[in-house]
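Please keep the model open in your viewer, with the selection tool ready, and follow the stops below in order.

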Amino acid sequence: MNGMLKIAAAAVAAALCAVVVRKQSPEIALVLGAGGCALIVLYCSGALAAAVELADKLAETGGLSVQVVEPVLKTAGIAIAARLASGFCKDAQEEGLGAAVELAGTALALAAALPLMTAVLDVLAQLL
């Protein structure tokens, strides 16, 4: 909760700075937005690392193979990166580029999930 309040405050501060500067210098406003985004991602990197560590521990405890856990983590990473890049492109008034990033993120997330789908099919085949 406390971390989210810090993130919200940083985002609002960066957005307000960008709005104030945007009329005089749109390029600097874009850099302010990107800088705020980078700071928030860096702040969250510890939480993301902890989530990956927990997923690995759960997989080890549950006897899951890397084939099952890795695609889930890759898909989540792809989704996060695509969302950030798309938002940044749209903020830069490049809606088409943002939509292309979203499409690429979807395609790459599906490709990353293929090993998981294959593992599920193998388990189903063994059950039948």
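Is Glu-102 buried, partly exposed or exposed? Select Glu-102, which is found in helix α4; with a relative accessibility of 36% it counts as partly exposed, where buried means under 20% relative accessible area, exposed over 50% and partly exposed in between, for a 1.4 Å probe and protein chains only. Before going further, note that this is a predicted model, in which local features need pLDDT of at least 70 and side-chain atom pairs count only at pLDDT 80 or more, while totals for chains, interfaces and linings use all residues. Residues are numbered from 1 along each chain as its sequence is written, and side-chain values use heavy atoms, with hydrogens and water left out.

Stay with Glu-102 and show its surroundings: leaving aside residues up to four places away in sequence, Glu-102 touches Ser-86 and Lys-90, a contact being heavy atoms within 4.5 Å. If you then pick the C-alpha atoms of Glu-102 and Leu-84, which are 18 residues apart along the chain, you will find a separation of 9.7 Å.

Next, select Ser-86 in helix α3. Ser-86 has 2% relative accessibility and therefore counts as buried; with the same exclusion of residues up to four places away in sequence, it touches Gly-98, Val-101 and Glu-102.

Move on to Gln-93, in the loop between α3 and α4. Its phi is near 65°, a positive value in a residue other than glycine, and Gln-93 is exposed, with a relative accessible area of 57%.

Now select the whole of α4, residues 95–127; helices here are DSSP runs (H or I, at least four residues; strands are E, at least two), numbered from the N terminus. The 33 residues of α4 should span 48 Å at 1.5 Å a residue, and its end C-alpha atoms are 47 Å apart, which agrees; the expected span is 1.5 Å times one less than the number of residues. Centre the view on Leu-114, where α4 has a kink of about 40°, shortly before the proline Pro-115; the bend at a residue is the angle between axes fitted to the seven residues ending there and the seven starting there. Buried positions in α4 include Gly-98, Gly-105, Ala-109, Ala-112, Ala-113 and Ala-119, and what covers the buried residues of α4 includes α3, residues 66–91.

For the pockets, begin with Gly-33, Ala-34, Gly-36, Cys-37 and Asp-91. The largest pocket has a volume of about 280 Å³, and those five are the closest to its centre of the 15 residues that line it. A pocket is an open set of points on a 1 Å grid over the protein atoms alone, where a 1.4 Å probe fits, with protein on both sides within 12 Å along at least five of seven lines, and lining residues have an atom within 4 Å of a point. Grid points are joined across faces, edges and corners, and a volume is the space filled by probe spheres set on the points. Helix α2 gives the largest share of this lining, 6 residues.

Finally, select Cys-37, Ile-40, Val-41, Cys-44, Leu-48, Ile-80 and Leu-84, which line the second largest pocket, with about 160 Å³ of space. Here too α2 provides the largest share, 5 residues.
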